[in-house]
Amino acid sequence: MSDLAAKATELFEKNRKKGTTTLNGVTTDYYYTCPGIERYPHQWLWDSSFHAIVLSHIDPERGQEEIETLLKTQREDGLIPICTLWEGITSLREYTFIAPYTRGKTQTMTQPPVVALAVEQLYRKTGDKDFLRRTLPGLMRLADYLNTKRDPDGDHLVSVFHAFETGMDMLPAYDRPAGVTSTHPDGEETIMALLRPAWHNHFLDWDEERMAKEGLFDVEDVMFNCIHAQSQHAIARLLKEIEDPRSEDYHKSAGLTEEAIITHCWNPDGLFYSLDRDNTQLTVKTVTSLFPLILDSIPKEMLDSLVEHLTDPEEFWPEYPVPAVAIDEPTFDPEENNNALWRGPTWISPNWFIINGLKKHGYTDLASDLTRRTLELVEKNGFREYYNPFTGEGYGQKDFGWATLAVDLQEE
Ligand code: GLC
């Protein structure tokens, strides 16, 4: 085991949560890894999926338990909550912040559907078809929910109704729909940006149809949709493993998602942008703009253009790429800011996607270069929530779960 994998194993021990509780009236066991002991003691959808991807190298059985705990939180209609508070609310401050979207131990929003990618990686490591049979129904229900209830205008792009659902809370691309007018919002403006659409949706009962008609925030997000496309392909591949004829349906549906991203989100400046509720592009250059390089069907000239932007030192290529916001955007801020996350620093999970996309499309040297820089970031500065893109200094939560994706990058 590498030094990094040994350190990740320690982190997984430290951040482990296990017990029995009542969830939606049913007594059940839980076993997951929290993203960070102090600030993030609960189970988050995409964090847990990343943890399971890393656990596939360290302890696949535990990875399976992480996913099966996550799937216990799934709603009848297919939504998997962004976060489940297995051990309850931890403070009054937390309560006041999460009240509009928390119901008992569970929540009304979702997050990028990385879970299918985690299931696929665990399956590749274990060959366990029973695990597939147990998890695929939930993965399909999530994809179906996103394709129906979350696509009110039927354009094959999933809508998110709050910035939290993208996983990139205060990304400047969402400033317009979130009502942020300052280039560098202060604490109060941040709280308003995050709480106002949440309370608004609370009064719409988080009803998808009503949020689509009357909500404040309705974004067709490039990153979310790229991950959704990849997840549907993963579901299709896994269905094939168990000889389920529905496999083709999910490839088809993934193709429709990809086509819609390529048709509607591409901009002649050579990047992709998320769409606001009136279908206009939110033209702030962020790491989201690069995500279509993970798509199977991205045309070569678009791919080359994304790589050009990615490797431009004035935009996305400082010493430690990939910054969440392009360096030449006025909103770019490389420093620690635990109030307003995702306004400049480098995070490990987007890098993981981008590296895998580059590899898939044959940019082997560039993928190795970005892997080397990402590993250096983690080896020098520890498993941190985010990092300064120029100096590599670690910020936010220490012993942060998904920074262990470095182990997966190292293994590949
Ligand atoms: C922050 C991040 C989000 C993550 C959560 C738990 O809110 O923005 O992406 O899932 O923390 O780590």
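Colleague: Counting Ala, Val, Leu, Ile, Met, Phe, Trp, Tyr, Cys and Pro as nonpolar, Asp, Glu, Lys and Arg as charged, and the others, Gly among them, as polar, how many of each class are in the lining of the largest pocket?

Modeller: This is a predicted model. In it, that lining has 19 nonpolar, eleven polar and seven charged residues.

Colleague: And what volume does the largest pocket have?

Modeller: About 960 Å³. The lining comes to 37 residues, with R39, Y40, F97, F164 and D169 nearest the centre. The elements giving two or more residues to it are α2 (45-58), α4 (92-98) and α8 (187-202).

Colleague: Which element gives the most?

Modeller: α4, with five residues.

Colleague: OK, next one down. How much space lies in the second largest pocket?

Modeller: About 500 Å³. It is lined by 19 residues, and those closest to the centre are E120, Q121, R237, W352 and N356. Two or more lining residues come from each of α2, α5 (115-126), α10 (222-241) and α13 (348-360).

Colleague: How does that lining split by class?

Modeller: Eight charged, six polar and five nonpolar residues line the second largest pocket.

Colleague: Changing topic. Where is E165 placed?

Modeller: E165 sits in a loop, the one from β7 (159-160) to α7 (175-178).

Colleague: Does E165 count as buried or exposed, and why?

Modeller: Buried, because its relative accessibility is 0% and the cut-off for buried is under 20%.

Colleague: What does the side chain of E165 reach, then?

Modeller: It reaches the backbone nitrogen of F161 at 2.7 Å. There is also a polar contact of 2.8 Å between the side chains of E165 and R150.

Colleague: Which residues is E165 in contact with, leaving aside neighbours within four places in sequence?

Modeller: M109, T110, Q111, P112, R150, V160 and F224. So R150 is on that list as well as being the side-chain partner in the 2.8 Å polar contact with E165.

Colleague: Last topic, the strands. How many bridges join β1 to β2, and do they run parallel or antiparallel?

Modeller: Eight bridges, and the two strands run antiparallel. β1 covers residues 16-23 and β2 covers residues 26-33.

Colleague: Which residue in β2 stands opposite T21?

Modeller: T28.

Colleague: What do β1 and β2 form, and how many residues are between them?

Modeller: A hairpin, with two residues between the strands. One residue in the turn, N24, has a positive phi of about 50°.

Methods:
Residues numbered from 1 in each chain as written. Predicted model: local features only at pLDDT ≥ 70, side-chain atom pairs only at ≥ 80, totals over all residues. Heavy atoms only, no water. 1 Å grid on protein atoms, 1.4 Å probe; cavity = no way out; pocket = protein on both sides within 12 Å on 5 of 7 lines; lining within 4 Å. Points joined across faces, edges and corners; volume = space filled by probe spheres on them. Helix = DSSP H or I, 4+ residues; strand = E, 2+ residues; numbered from the N terminus. Nonpolar A, V, L, I, M, F, W, Y, C, P; charged D, E, K, R; others polar. Buried < 20%, exposed > 50% of the residue type's maximum accessible area, 1.4 Å probe, protein only. Polar contact = N/O pair within 3.5 Å; in protein donor to acceptor, adjacent residues only side chain to side chain. Contact = heavy atoms within 4.5 Å. Pairing = 2+ DSSP bridges.
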